[in-house]
Amino acid sequence: MPVPLHHAKAEFFRMLGHPVRIRVLELLQDGPVPVRDLLEQIDVEPSNLSQQLAVLRRSGIVTSAREGSTVVYAMAGPDVADLLRAARRILTELLAGQRELLQELREEEAAAR
């Protein structure tokens with residue numbers, strides 16, 4: 001029995017739902033990055049990074065290639081980078097709205113005094 005599309009989408013977003021995976025994807029937006037550089041920029045144990053990279057690789061979102069003794073990771077395509085940019089825009093709008101609401105609440109509180 002095929003998986004309904006909404007279930008597949010939910011699984012996709014669950015797979016993305018880890019801070020280390022999101023950070024890896026952010027770092028890969030500008031092009032391939034060796035594992036050692038990822039480790040320098042993400043404050044996690046090498047084994048944890050390896051686990052998260054394996055999840056991304058199994059999902060097909062990133063690819064890996066060996067260059068000598070170095071493993072280099074890259075995004076499999078531009079769509080995930082587009083998704084991350086869209087998420088940034090959405091979060092920016094949400095936070096701006098919250099800031100406006102907070103300002104209104106403070107003004108109401110000041111007026112009530």
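## Exercises on a predicted model

In this predicted model, Q52 touches H18, V20 and R21, once its neighbours within four places in sequence are set aside.

**Exercise 1.** Place Q52 in the secondary structure, then decide whether Q52 is buried or exposed.

*Solution.*
- Step 1. Find the element: Q52 sits in helix α4, residues 46-59.
- Step 2. Take the relative accessible area of Q52, which is 7%.
- Step 3. Apply the cut-off: buried means under 20%. Q52 is therefore buried.
- Step 4. Add the contacts: beyond four places in sequence, Q52 meets H18, V20 and R21.

**Exercise 2.** Describe the interface of domain 1 and domain 2.

*Solution.*
- Step 1. Set the bounds: domain 1 covers 1-76 and domain 2 covers 77-112.
- Step 2. Locate the centres: over C-alpha atoms, they are 27 Å apart.
- Step 3. Count the contacting residues: ten in domain 1 and seven in domain 2.
- Step 4. Take the area: about 670 Å² is buried between the domains, with 72% from carbon and sulfur atoms.
- Step 5. Find the main contributors in domain 1: Q29, M75 and A76 give 52% of the area that domain 1 buries against domain 2, more than any other three residues.
- Step 6. Check for salt bridges across this interface: the rule finds zero.

**Exercise 3.** Which residues make the nonpolar surface patch, and how does L95 count by accessibility?

*Solution.*
- Step 1. List the members: I90, L91, L94 and L95 form the patch, about 390 Å² in area.
- Step 2. Place L95: this residue belongs to helix α5, residues 79-112.
- Step 3. Classify L95: its relative accessibility is 48%, so L95 counts as partly exposed.

How values were computed:
Residues are numbered from 1 along each chain as its sequence is written. This is a predicted model: local features need pLDDT of at least 70, side-chain atom pairs count only at pLDDT 80 or more; totals for chains, interfaces and linings use all residues. Side-chain values use heavy atoms; hydrogens and water are left out. Patches are made of residues with over 30% relative accessible area and no salt bridge: like charges are joined within 9 Å, nonpolar side chains (Val, Leu, Ile, Met, Phe, Trp, Tyr) within 5 Å. Accessible areas come from the Shrake-Rupley method with a 1.4 Å probe; for residues, only the protein chains shown count as cover. A salt bridge is a side-chain nitrogen of Lys or Arg within 4 Å of a carboxyl oxygen of Asp or Glu. Helices (H or I, at least four residues) and strands (E, at least two) are DSSP runs, numbered from the N terminus. Buried means under 20% relative accessible area, exposed over 50%, partly exposed in between (1.4 Å probe, protein chains only). Domain bounds come from an automatic or database domain assignment. Contact means heavy atoms within 4.5 Å. Buried area is the accessible area (1.4 Å probe) that two parts lose on being put together, summed over both.
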